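I opened this notebook to record what I looked up about the contacts in this structure. The entries follow the order in which I took up each topic.

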Amino acid sequence: MIDLELTVNGELARVRVEPGARLLDVLRGPLGLPGTKEGCGNGECGACTVLVAGRPVCACLTPAAEVEGLEVLTVEGLVGPGGDLSAVQRAFVEGGGVQCGFCTPGMVMSVHALLERNPDPTPEDVREALTGNLCRCTGYAQIVESALLAARKRREAREGGDRA
Amino acid sequence: MSEEVRMPASPEYHRPRSLEEAWRLLEAQPDARLVAGGTDVLVRLREGRYHPPALVSLRRVESLRRIEPGRAWTIGAGVSVAELLEHRELAAVFPVLVEAGRRLGSAQIRSAATVGGNLCNASPCADLAPPLLVLEARALIASAAGEREVPLSEFFLGPRRTALGPGELLSALRVEAPPAGARATFLKQGRVRMDIALASVAVRLELEGARCVEARVAAGSLAPTPTRLGEVEASLAGTELDEATLARARAAAEREVRPITDVRASADYRRHLAGALVVRAVRALTRPEAR
C-alpha cells in the first residue's frame, strides 16, 4: 500500500491505496465521489472523464499515483457553494441532454474542458470534443445542443460582468 | 474487495523522476514493464495479456518531455499527444504531425497517450508512425550504457516488436525540418471518427513546379509494421503526377501492401483502401490551393 496526497475539487485528501490503484476507484471508493462512472474500463466510453490539470482524462486509465500534485476536477466539483449547478450542468438539464444519465457526468466534464479552452465552439468543435464520450440513449443531438447552450450562457454571464 | 480485481493488478508501481533512477529500477527488475501514458499498457494489463512483476512509470521523467526546435527538432518520447498538438511552432513546421495527432483516439486519450508510447506499442496502426516515417525521423534509444540512434524505419520489427533491447527505452525522436517545397498529409480510414485505422497513409512530396522531385509514402495497418512503400514512391518520383502516374501509384500500392483480414476489415478491402488513400493524398497535396 502507498500513501497519496491528492487535490480533488480544490480539497486536499490523503488516501492509502494499492500501488496501481486507478483514480476511478479512489474517487468512487475512499473519496466518496460516485459521480464519476465506470462504463467500459478501457478508455473507450468516457463515462469516467475527469479533468487533471485542466485536461480531460479517463479516470479508469489513470493510476491514482500519477495525479499527485495535480488538480483533479470531478463532476461534483462543478457544483457551486449552496448546491448551484454550473452553467454546463444546467444546460444539460434545460437542453434535454440527459436521458438515463449514466454518460452525463463524463459528457459534462468533456464539455467543461472544451469551454474552458474554447468559449465559442462550433457544433463541429463540440462533436470533436465529445468523440470520446459514448451515449446510448440520446443520439447526441440534444447533447450537442446542450453544449452550445452552455457556451452561450457562459458567454452571456461573462459579458454581463458579475455572474452573481 | 471487488474493486481490487478490476485494478491493473501489479505488485509494484514505481515513479522515477530521472532516467538514472529508471535504470536502477530496471536493473533490479529487468522484467518490469515501462509505462508512459498508460492508454495501451493498462488496458492490456487489465485484459491479462501480461503479468509484469512491476510497472515503471516514465511520466515524471522531465527529460523525456522536452520539445527542442532546431534544424533537426527533438521531440521527447514522453510528450503527450495533447502537448504535441498545442505546440504552435512545431505545428507550423510539421503540420502532418498535427493532422495525425488529431486523429489519434479521443481528447481523453490524447491527454495521456505519448508520442513514444504510440511508437513503442509497435502496433501496425500507430497513427503517428506513418507521418514520422515520411519525415524520416530517427529514434533516440537510451540505456544505462548511453544513447544510440536508429532510423524509425528500423525501429519496428513486427507487431508489438521493436528494436529496443533489454534495459533500453525510446527517449526522443529527431526530426529534420522539411525543406521549402515539401508538403505532407496524413489520411486515415476508420469506421467512425475515433477508431483504429483500417488503413492509413502519409505522403510527403517535394515539388518543383508541377514536377515531383521526391516522394515518400508510408502506410499504417497495411503490413505487420508501419512501413514505407518504396514502389509507390518510385512510381511518383520524377513525374508530373498526371492521371496515368496516379493509376500506376494506385496499382503499386495495391501490390506492395501486405494487409491481413481481421474483425475490422478484409485484406482485399484494405488493399483497395491503400490505393485509394495514396491517390487521394497526392491529389490533396497538388490541389492549387495546397500550393
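The entries below concern two interfaces, one between chains and one between domains.

**Entry 1. Status of the model.** I note at the outset that this is a predicted model.

**Entry 2. Extent of the contact between the chains.** I looked up how many residues take part, and found 32 from chain A and 29 from chain B. For the area, I recorded that chain A and chain B bury about 2,600 Å² between them. Carbon and sulfur atoms account for 49% of that area. On the side of chain A, I listed A:Arg55, A:Leu61 and A:Glu66, which supply 24% of the area that chain A buries against chain B, more than any other three residues.

**Entry 3. Polar links between the chains.** I counted six salt bridges between chain A and chain B. I also looked at the pair A:Arg117 and B:Glu86, whose side chains meet in a salt bridge with an N to O distance of 2.7 Å. Residue pairs in polar contact across this interface number 15, with both residues at pLDDT 80 or more.

**Entry 4. Which elements of chain A give two or more residues to the side that touches chain B?** I found strand E4 (55-58), helix H3 (104-117) and helix H4 (123-129) of chain A. E4(A) gives the most, with four residues. By class, I entered twelve nonpolar, ten polar and ten charged residues for the side of chain A that touches chain B.

**Entry 5. Domains of chain B.** I then turned to the division of chain B into domain 1 (10-57), domain 2 (64-176) and domain 3 (182-290). The C-alpha centres of domain 2 and domain 3 of chain B lie 21 Å apart. Their contact takes 22 residues from domain 2 and 23 residues from domain 3.

**Entry 6. Area between domain 2 and domain 3 of chain B.** I recorded a buried area of about 2,000 Å², with 61% from carbon and sulfur atoms. In domain 2, B:Arg103, B:Pro124 and B:Val134 lose the most area to domain 3, together 34% of what that side buries.

**Entry 7. Polar links between these domains.** I found three salt bridges across the interface of domain 2 and domain 3 of chain B. I also noted that B:Arg228 forms a salt bridge with B:Glu136, the closest N and O atoms being 2.9 Å apart. Nine residue pairs are in polar contact across the interface of the two domains, both residues at pLDDT 80 or more.

**Entry 8. Elements on the side of domain 2 that touches domain 3.** Those giving two or more residues are helix H6 (95-102), helix H9 (129-134) and strand E8 (156-158) of chain B. H9(B) gives the most, with five residues. I closed with the classes on this side of domain 2: 13 nonpolar, four polar and five charged residues.

Definitions and conventions: Residues are numbered from 1 along each chain as its sequence is written. Chains are lettered from A and ligands numbered from 1 in the order in which they are written. This is a predicted model: local features need pLDDT of at least 70, side-chain atom pairs count only at pLDDT 80 or more; totals for chains, interfaces and linings use all residues. Side-chain values use heavy atoms; hydrogens and water are left out. Domain bounds come from an automatic or database domain assignment. Contact means heavy atoms within 4.5 Å. Buried area is the accessible area (1.4 Å probe) that two parts lose on being put together, summed over both. A salt bridge is a side-chain nitrogen of Lys or Arg within 4 Å of a carboxyl oxygen of Asp or Glu. A polar contact is a pair of N or O atoms within 3.5 Å; within protein, one must be able to donate a hydrogen and the other to accept it, and residues adjacent in sequence count only if both atoms are side-chain atoms. Ala, Val, Leu, Ile, Met, Phe, Trp, Tyr, Cys and Pro count as nonpolar, Asp, Glu, Lys and Arg as charged, and the others, Gly among them, as polar.
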